[in-house]
Amino acid sequence: MPPKAAKGKEAPAERPILGRFSSHLKIGIVGLPNVGKSTLFNTLTKMSIPAENFPFCTIEPNEARVNIPDERFEWLCQLYKPKNESLNLKLFPLQFLFYMLSSVDALEASAFLQIHDIAGLVRGAHQGQGLGNNFLSHIRAVDGIFHVLRAFEDPDIIHVDDAVDPVRDLETISAELRLKDIEFMEKKIEDLEKSMKRSNDKQLKIEHECCQKVKAWLEDEKDVRLGDWKLADVEILNTFQLLTAKPVVYLVNMNEKDYQRKKNKFLPKIHAWVQEHGGEQIIPFSCALETNLADMPPDEALKYCEENKVQSALPKIIKTGFSAINLIYFFTAGPDEVKCWQIRRQTKAPQAAGTIHTDFERGFICAEVMKFEDLKELGSESAVKAAGKYKQEGKTYVVQDGDIIFFKFNVSGGGKK
Ligand SMILES: Nc1nc2c(ncn2[C@@H]2O[C@H](COP(=O)(O)OP(=O)(O)OP(=O)(O)O)[C@@H](O)[C@H]2O)c(=O)[nH]1
Ligand SMILES: [Mg+2]
């Protein structure tokens with residue numbers, strides 16, 4: 001047995017992540033009809049899609065990309081002054097950087113969140129009610145969920161279950177997703193049992209045991225993402241794309257006054273429910289305020305926010321969603337270009353290099369890495385080097401958010417850097 005001290009030195013292994021291993025991940029906006037999903041989507045993307053007082057006005061999932069506001073990216077552009085002039089944005093307060101970013105073409109260089117606006121779901125959806133299975137398949141295709149809750153009262157806006165009650169709505173949606181997952185697991189178990197009659201493959205037995213465990217967990221009214229699964233289970237689960245395995249961020253839509261005073265009569269109950277069901281992040285926002293701000297020119301919006309002591313919640317929503325689906329990004333920075341490259345958390349250096357070019361991954365030699373914080377503190381690349389904080393990392397290095405990386409690679413016959 002190895003000595004205990006040696007064991008203690010090892011960094012604790014990060015928990016395996018549930019979900020697709022890809023840098024092209026998406027988040028879906030989910031909730032009951034008429035809670036403000038499309039209105040949120042519109043303000044996030046400034047695209048105009050129908051948002052009417054009529055349940056199911058979103059029939060097909062709508063999709064858009066929004067840039068991730070980041071002061072670090074901005075700071076790097078100031079330092080390197082990349083040739084591409086359009087990247088030299090002026091320093092703006094973060095929430096307005098977002099407005100700037102969404103209107104500048106060059107922002108292919110910044111990281112982005114891909115968002116789908118999904119049609120509203122109603123009780124019984126797993127059995128085909130409302131848009132039923134159709135909409136559930138749209139949720140299956142995304143990697144995380146913005147769960148929008150209605151906490152605003154307005155007699156003119158129909159609620160499918162008559163009265164405004166976000167905790168009941170939370171129960172409705174989470175039950176639908178869970179019921180659909182149970183149905184999926186039952187079918188899977190049935191298929192596995194058929195295969196097991198024909199074959200003695202050990203893997204089938206392992207999968208069968210895993211499925212039984214997951215089904216029992218769901219029947220216990222627990223979501224799959226909240227389980228403490230072993231790596232072998234996660235590998236099996238990741239072939240299923242279960243609805244309750246996806247990370248959730250709760251977005252609570254309230255009127256502007258409640259949002260401004262940070263008080264809403266439903267909020268404590270929502271908070272208590274979420275704490276009991278996994279404790280994921282809750283972000284209050286106001287569709288009414290965001291719509292107003294989106295309709296104003298940036299300077300007027302800034303003035304409005306200062307005068308009314310409010311801030312747009314959109315930058316926080318975008319950043320939280322990005323992080324919730326386990327995306328991070330690293331930078332490449334130089335006189336030609338400053339660029340963010342998004343990858344999934346736990347990606348190793350060669351695969352991160354592969355997001356830039358497959359040759360970088362194929363011929364990977366090493367990654368020269370400095371931390372954004374070190375560069376910011378010391379002021380220049382040479383100062384970072386002089387301080388011994390410019391590191392060469394190998395194939396097993398797990399890239400961290402905010403790393404500034406220069407990859408060295410060599411494809412056969414090349415010898416290039
Ligand atoms: N008073 C008030 N009305 C809102 C607010 N947010 C959205 N609405 C209105 O509610 C109605 C429905 O909004 P949508 O954004 O289309 O709702 P949805 O959740 O996308 O609905 P479905 O696509 O049908 O599932 C529209 O008339 C919006 O203007 C809000 O914060 N306050
Ligand atoms: Mg909609």
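**Exercise 1. Two helices**

Is the crossing of helix 2 and helix 11 left-handed or right-handed? Work it out together with the packing geometry.

*Solution.*
Step 1. The model is a predicted one. The crossing of helix 2 and helix 11 is left-handed.
Step 2. Take the angle. Helix 2 packs against helix 11 (residues 287–294) at about 30 degrees, and the two axes are 9 Å apart.
Step 3. Classify that angle. Angles under 35 degrees count as roughly parallel, so helix 2 is roughly parallel to helix 11.
Step 4. List the contact residues. Helix 2 contributes Thr39, Leu40 and Thr43. Helix 11 contributes Cys287, Glu290, Thr291 and Ala294.

**Exercise 2. The sheet**

Determine the strand order of the six-stranded sheet, its edges and its twist.

*Solution.*
Step 1. The order is 2-3-1-4-5-6. The sheet is open, and its pairing is mixed.
Step 2. Find the edges. Strand 2 (62–67) and strand 6 (282–285) each pair on one side only.
Step 3. Add the twist. From one strand to the next it averages 25 degrees.
Step 4. Place a helix on the sheet. Helix 10 (residues 267–276) lies across strand 4, strand 5 and strand 6. Its direction is at about 160 degrees to strand 6. Angles over 145 degrees count as roughly antiparallel.

**Exercise 3. Register along strands 1, 4, 5 and 6**

Trace the pairing from strand 1 to strand 6, giving the bridge counts and the residues that stand opposite each other.

*Solution.*
Step 1. Start at strand 1 (residues 26–30). Four bridges link it to strand 4, in the parallel sense. Isoleucine 27 has glycine 144 of strand 4 as its bridge partner. Isoleucine 29 stands opposite phenylalanine 146.
Step 2. Cross to strand 5 (residues 248–253). Strand 4 and strand 5 run parallel and share six bridges. Phenylalanine 146 has valine 249 as its bridge partner in strand 5. Valine 148 stands opposite leucine 251.
Step 3. Finish at strand 6. Strand 5 and strand 6 also run parallel, joined by four bridges. Here asparagine 253 stands opposite phenylalanine 285.
Step 4. Follow one row. Phenylalanine 146 faces isoleucine 29 in strand 1 and has valine 249 as its partner in strand 5.

**Exercise 4. Two enclosed strands**

How many residues of strand 4 are buried, and why is the strand described as largely enclosed? Repeat for strand 5.

*Solution.*
Step 1. Recall the cut-off. A residue is buried if 20 or more other C-beta atoms lie within 10 Å of its own.
Step 2. Apply it to strand 4 (residues 144–150). Seven of the seven residues pass, so the rest of the structure largely encloses this strand.
Step 3. Split strand 4 by direction. In a regular strand, side chains alternate between the two faces of the sheet. Gly144, Phe146, Val148 and Arg150 point one way. Ile145, His147 and Leu149 point the other way. Both groups are buried.
Step 4. Repeat for strand 5. Six of the six residues are buried, so strand 5 is largely enclosed too. Val248, Tyr250 and Val252 point one way, with Val249, Leu251 and Asn253 pointing the other.

**Exercise 5. The annotated site**

Which residues does the UniProt annotation "binding site" cover? Examine Val35 and Lys37 in detail.

*Solution.*
Step 1. Read the record. The unreviewed UniProt entry covers Asn34, Val35, Gly36, Lys37, Ser38, Thr39 and Met254.
Step 2. Take valine 35. It sits in the loop between strand 1 and helix 2 (37–45). It has 30 other C-beta atoms within 10 Å, so it is buried.
Step 3. List the contacts of valine 35 beyond four places in sequence. They are Val148, Leu149, Arg150 and Asn253.
Step 4. Take lysine 37. It belongs to helix 2. Its 29 C-beta neighbours inside 10 Å make it buried.
Step 5. List the contacts of lysine 37, with the same sequence limit. They are Ile29, Gly31, Asp117, Gly120 and Val148.

**Exercise 6. A contrasting residue**

Is glutamine 392 buried or exposed? Find its contacts.

*Solution.*
Step 1. Locate it. Glutamine 392 is in strand 10 (residues 391–393).
Step 2. Count neighbours. There are 12 other C-beta atoms within 10 Å, so glutamine 392 is exposed.
Step 3. Check its contacts. Leaving out residues up to four places away, glutamine 392 touches Cys366 and Glu368.
Step 4. Add a distance. Cysteine 366 is 26 residues away along the chain, yet the two C-alpha atoms are separated by 6.4 Å.

Definitions and conventions. Residues are numbered from 1 along each chain as its sequence is written. Chains are lettered from A and ligands numbered from 1 in the order in which they are written. This is a predicted model: local features need pLDDT of at least 70, side-chain atom pairs count only at pLDDT 80 or more; totals for chains, interfaces and linings use all residues. Two strands pair if DSSP finds at least two bridges between them. UniProt positions are given in the numbering used here, feature names are shortened, and annotations may be inferred rather than shown by experiment. Two residues are in contact if their C-beta atoms, placed from the backbone, lie within 7 Å. Axes are lines fitted to C-alpha atoms, for helices over the stretch in contact, and angles run from 0 to 180 degrees between N-to-C directions. Angles under 35 degrees count as roughly parallel, over 145 as roughly antiparallel, 65 to 115 as roughly perpendicular and the rest as oblique. A crossing is left-handed if the near helix is turned anticlockwise from the far one by less than a right angle, and right-handed if clockwise.
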